[in-house]
Amino acid sequence: MQPAGVPLDVLITRKNYVTASGERHDVLRDIAFKLGAGEVAAFVGPSGCGKTTILRLIAGLDPDFDGAIARPPGTLGMVFQEPRLLPWRTVEQNIRLVAPHCADATLAALFDVLGLAQHRAHFPGELSLGLARRVALARAFAVEPSLLILDEPFASLDGPLAARLRDELSLLVGRRPVTTLLVTHDIDEAVRLADRLFLLSARPARILADVTIPGSRSARNEADIAALKADISQRLREAR
Amino acid sequence: MIRLVSFALFLATWWIGSLFAGARLLPDPATVFETILAEARSGALFLHLGATLARVFLAFTLAMALGTALGLLMGRSRLADRLGDTWLLILLNLPALVVIVLAYIWAGLTEAAAIAAVAVNKLPNAAVTVREGARALDPDLDEMARVFAMPRWKSFRHVVLPQLAPYLAAASRSGLSLVWKIVLVVELLGRPNGVGFEIGIAFQLFDVTRILAYALSFTAVVLIIETFMVQPFERHAARWRSA
């Protein structure tokens with residue numbers, strides 16, 4: 001399904017920004033990695049270390065950095081930290097506007113998995129934050145992306161709801177393999193969803209470790225996950 | 001209901017006023033209404049109302065289209081804002097009468113000169129309002145449209161325009177009333193028909209009844225446009241807010 005070669009090749013030698021008072025700060029330093037087709041990678045690191053900045057550079061929202069990024073050909077699907085829906089369009093319109101070629105059956109299936117079927121005609125203002133985040137997920141999947149970028153998609157949701165959405169997300173990623181980048185500060189989330197973890201340092205962010213999680217995502221049991229979590233937490237502590 | 005009471009109160013005040021001022025200075029509502037009917041029967045009323053309405057429509061459309069484009073450009077680009085700001089200030093403060101007289105001198109007493117003069121009067125107003133709207137556009141939604149590679153027109157139609165809608169509504173509200181007032185001046189000074197032309201003639205004859213008959217007829221037309229076109233459109237555009 002994917003073209004041969006490397007779908008995502010990221011090389012950021014340096015990214016800095018200038019504050020309003022004219023000071024120059026380095027945000028990222030020497031971030032380099034390659035991601036194979038269908039691989040799911042998670043960035044884990046302290047808050048404010050520049051995780052979102054990495055995603056913005058890869059999404060092409062900020063062309064101002066030293067380095068080069070080769071994205072897989074095809075469409076990009078993104079879930080931002082906030083849902084970023086158009087408040088003046090219904091749930092269904094929000095999705096169809098970015099995914100005009102999405103088949104009715106595909107959309108219905110998406111709505112089904114995410115529990116949005118009875119909210120099609122609602123406006124975003126009528127939805128809870130959890131539902132709005134589901135719509136943002138549905139939108140990112142509806143474009144059938146070749147690269148999926150998720151920026152803390154479950155932030156500020158309570159534990160059980162975040163867990164449910166996480167299960168729905170892994171179901172969606174499992175149904176149609178897609179190269180995925182996920183940013184999270186939740187190690188549990190990262191270990192459950194990803195094949196590879198990039199542990200990031202504090203600012204300016206560097207990749208401290210590139211951890212490949214053995215075995216397929218669905219084959220992991222709770223004991224494996226607990227062991228992995230302990231290992232990752234240990235590494236993060238050592239790095240500090 | 002309250003609207004009806006308020007309207008009745010207006011008629012009563014007018015009628016009492018006419019008792020004090022005398023029929024020559026302020027004719028009572030019934031006399032004015034009879035004149036409206038007489039003018040309507042002769043067809044003159046519709047001819048002049050139609051001519052004025054056509055000019056209002058053309059000048060309004062022209063001013064809103066150009067003003068919106070200019071406002072968007074100035075709200076989005078700092079360079080355009082700096083370049084255009086002085087021009088806008090000059091246009092905003094140039095009296096309508098000066099623009100009209102100059103337009104007639106330079107372009108002759110033509111329809112094009114009349115409509116252009118009105119549009120130039122309204123344009124800076126629309127541009128300033130839309131510029132505020134363009135400055136307030138949400139960069140987050142813009143990024144969303146870019147990430148999902150929405151085509152330009154689609155993103156303008158579904159992301160930008162709905163954000164501008166309140167500003168466009170404000171600009172058209174004030175625009176419609178401003179434009180029709182200036183159209184009357186343009187007609188008075190250099191057109192052979194229209195409400196302004198009729199009022200000019202009535203002024204020469206000191207015919208207050210006729211002035212009121214034409215002015216009120218056109219006010220009624222504007223009220224109808226406002227109630228049956230502008231307000232339903234606003235309600236439609238704002239339906240997501242009621243959620």
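**Helix H5 of chain A**

I looked up the exposed residues of H5(A) in this predicted model and found Pro160(A), Leu171(A), Gly174(A) and Arg175(A) on one side of the helix. On the other side I noted Leu165(A), Leu169(A) and Val173(A), which are buried. These buried residues cover an arc of only 80 degrees around the axis, which puts them on the same side of H5(A).

I then asked what the buried residues of H5(A) pack against. Their partners in chain A are strand E3 (40–44), helix H4 (129–142), strand E7 (179–184) and helix H6 (187–193).

I checked the length of H5(A), residues 159–175: at 1.5 Å a residue, its 17 residues should span 24 Å, and its end C-alpha atoms are 24 Å apart, so the two agree.

**Sheet of chain A**

I traced an open sheet of six strands with mixed pairing, in the order E5-E6-E7-E3-E8-E9. Strand E5 (76–79) and strand E9 (207–212) are its edges, each pairing on one side only. I recorded an average twist of 15 degrees from one strand to the next.

Between E3(A) and E7(A), which run parallel, I found five bridges; Ala41(A) stands opposite Leu181(A) of E7(A). Helix H1 (residues 51–58) of chain A packs on the sheet, where it touches E3, strand E6 (147–151), E7 and strand E8 (196–200). I noted that the direction of H1 makes about 155 degrees with that of E7(A).

**Contact between chains A and B**

I found 15 residues of chain B in contact with 18 residues of chain A. On the chain B side, helix H7 (139–147) and helix H8 (152–190) each supply at least two residues, and H7(B) gives the most, with six. I listed this side of chain B as 10 nonpolar residues, one polar and four charged.

Conventions: Residues are numbered from 1 along each chain as its sequence is written. Chains are lettered from A and ligands numbered from 1 in the order in which they are written. This is a predicted model: local features need pLDDT of at least 70, side-chain atom pairs count only at pLDDT 80 or more; totals for chains, interfaces and linings use all residues. Two residues are in contact if their C-beta atoms, placed from the backbone, lie within 7 Å. Helices (H or I, at least four residues) and strands (E, at least two) are DSSP runs, numbered from the N terminus. Ala, Val, Leu, Ile, Met, Phe, Trp, Tyr, Cys and Pro count as nonpolar, Asp, Glu, Lys and Arg as charged, and the others, Gly among them, as polar. The expected span of a helix is 1.5 Å times one less than its number of residues. A residue is buried if 20 or more other C-beta atoms lie within 10 Å of its own, exposed if 12 or fewer, and partly exposed in between; C-beta atoms are placed from the backbone. The arc is that of the directions from the helix axis to the C-beta atoms. Two strands pair if DSSP finds at least two bridges between them. Axes are lines fitted to C-alpha atoms, for helices over the stretch in contact, and angles run from 0 to 180 degrees between N-to-C directions.
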